[in-house]
Amino acid sequence: MKNTDNKPGWLLPYLLGLDEMFFGRWNYWLQALDRDRIPEEPIPVIRFQPVMTYPGHSVLKNLNDCINYASHSHSNIVEKFVDWLLWGFHYKEVSFPGIDEKTDDYWYRTFNLGLFYQEPGDYMAELAQNHNIGVGAGFFATPMSVVEMMVKMTMGDEPRPYHKAKSVLDPCCGTGGMLLWASNYSFNLYGSDINPLLCKMAMVNAFIYVPWMVYRPKNSRMFEQEQQPRVIEIEMPEGVTIPECQRCGNRKHFYLE
């Protein structure tokens, strides 16, 4: 029988290996921290989809298998499962949940982290809604298609270099769906919520998809404004070439209709 109660961080080797295979975001972010500069290379884009659009619903089935196994023997089973995941990711704000050895062993043998990478989406939101997490506090997850539209309306259709330093704050983030899409544009992401369990579920999403929400050293100078702006040339559809500031995205002083 496998037990993980004395092995915080046991999921990290799987997390890093899977991310390297699919997205490369953890390595990308660690290199940026090592240089302490915003990378010139584009952020690896993740095309998040509404979770119910994936055929087979393999991630949801896997999560439900884990939850249903222990739902009759443990109270607050969703929070215990989320804590178990965060314990596996070595998140310092949680301790090992109060579950029995059989449940720990079953979750260890059943939970499939790789499915999250094959079909990226906000599965924590679906899990929360299916188990009425946060309903009393007004949690109703924004559909991912609407999230995509809102982020593109705010940021622009496609990610540009100057987006990377722009701060994004979702004061009612829930499980972090808005921040997932915004992670294709910016490193400077923040979220808060009145429900502590929803915040922990957002952190699960961050470990899997958005490493710059998980770890950012307090002494980092990456986002300080004194960094020199870099001006590049952008070719417009009309055939003219104009300068664009990589830090602020400013074109208006150069482009006349």
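**A pocket and three helix contacts**

The second largest pocket has a volume of about 350 Å³. This value, like the others reported here, was computed from a predicted model. The pocket is lined by 15 residues, of which Y91, G191, M203, M213 and V214 are the closest to its centre. Three elements each contribute two or more residues to the lining, namely β2 (188-191), α10 (196-209) and α11 (211-214). Classified by residue type, the lining of this pocket comprises 12 nonpolar, 2 polar and 1 charged residues.

Helix α10, one of the elements that line the pocket, also packs with helix α4. The axes of α4 and α10 are 10 Å apart, and the angle between the two helices is about 35°. The crossing of α4 with α10 is left-handed. On the α4 side the contact involves V78, E79, V82, D83, L85 and L86, which meet L197, K200, M201, M203, V204 and F207 of α10. The residues of this contact are divided into 9 nonpolar and 3 charged, with no polar residues. M203 is thus found both in the contact with α4 and among the residues closest to the centre of the second largest pocket.

Helix α4 (residues 77-88) has a further partner in helix α5 (residues 101-110); the axes of these two helices come within 12 Å and cross at roughly 60°. With angles of 65 to 115 degrees counted as roughly perpendicular, α4 and α5 are therefore classed as oblique to each other. Their crossing is right-handed, whereas that of α4 and α10 is left-handed. In the contact with α5, the α4 residues are I77, K80, F81 and W84, and their counterparts in α5 are D104, W107 and Y108. By class, 5 nonpolar and 2 charged residues take part in this contact, and no polar ones.

A third helix pair is formed by α1 (residues 12-22) and α2 (residues 25-35), whose axes come within 7 Å and cross at roughly 95°. This angle falls in the range of 65 to 115 degrees, and α1 and α2 are therefore roughly perpendicular to each other. Helix α1 contributes L15, L16 and D19 to the contact, while R25, W26 and N27 belong to α2. The contact of α1 with α2 contains 3 nonpolar, 1 polar and 2 charged residues.

Methods:
Residues are numbered from 1 along each chain as its sequence is written. This is a predicted model: local features need pLDDT of at least 70, side-chain atom pairs count only at pLDDT 80 or more; totals for chains, interfaces and linings use all residues. Side-chain values use heavy atoms; hydrogens and water are left out. Axes are lines fitted to C-alpha atoms, for helices over the stretch in contact, and angles run from 0 to 180 degrees between N-to-C directions. Helices (H or I, at least four residues) and strands (E, at least two) are DSSP runs, numbered from the N terminus. Angles under 35 degrees count as roughly parallel, over 145 as roughly antiparallel, 65 to 115 as roughly perpendicular and the rest as oblique. A crossing is left-handed if the near helix is turned anticlockwise from the far one by less than a right angle, and right-handed if clockwise. Contact means heavy atoms within 4.5 Å. Ala, Val, Leu, Ile, Met, Phe, Trp, Tyr, Cys and Pro count as nonpolar, Asp, Glu, Lys and Arg as charged, and the others, Gly among them, as polar. On a 1 Å grid over the protein atoms alone, a cavity is a set of points where a 1.4 Å probe fits but cannot get out, and a pocket is an open set with protein on both sides within 12 Å along at least five of seven lines; lining residues have an atom within 4 Å of a point. Grid points are joined across faces, edges and corners, and a volume is the space filled by probe spheres set on the points.
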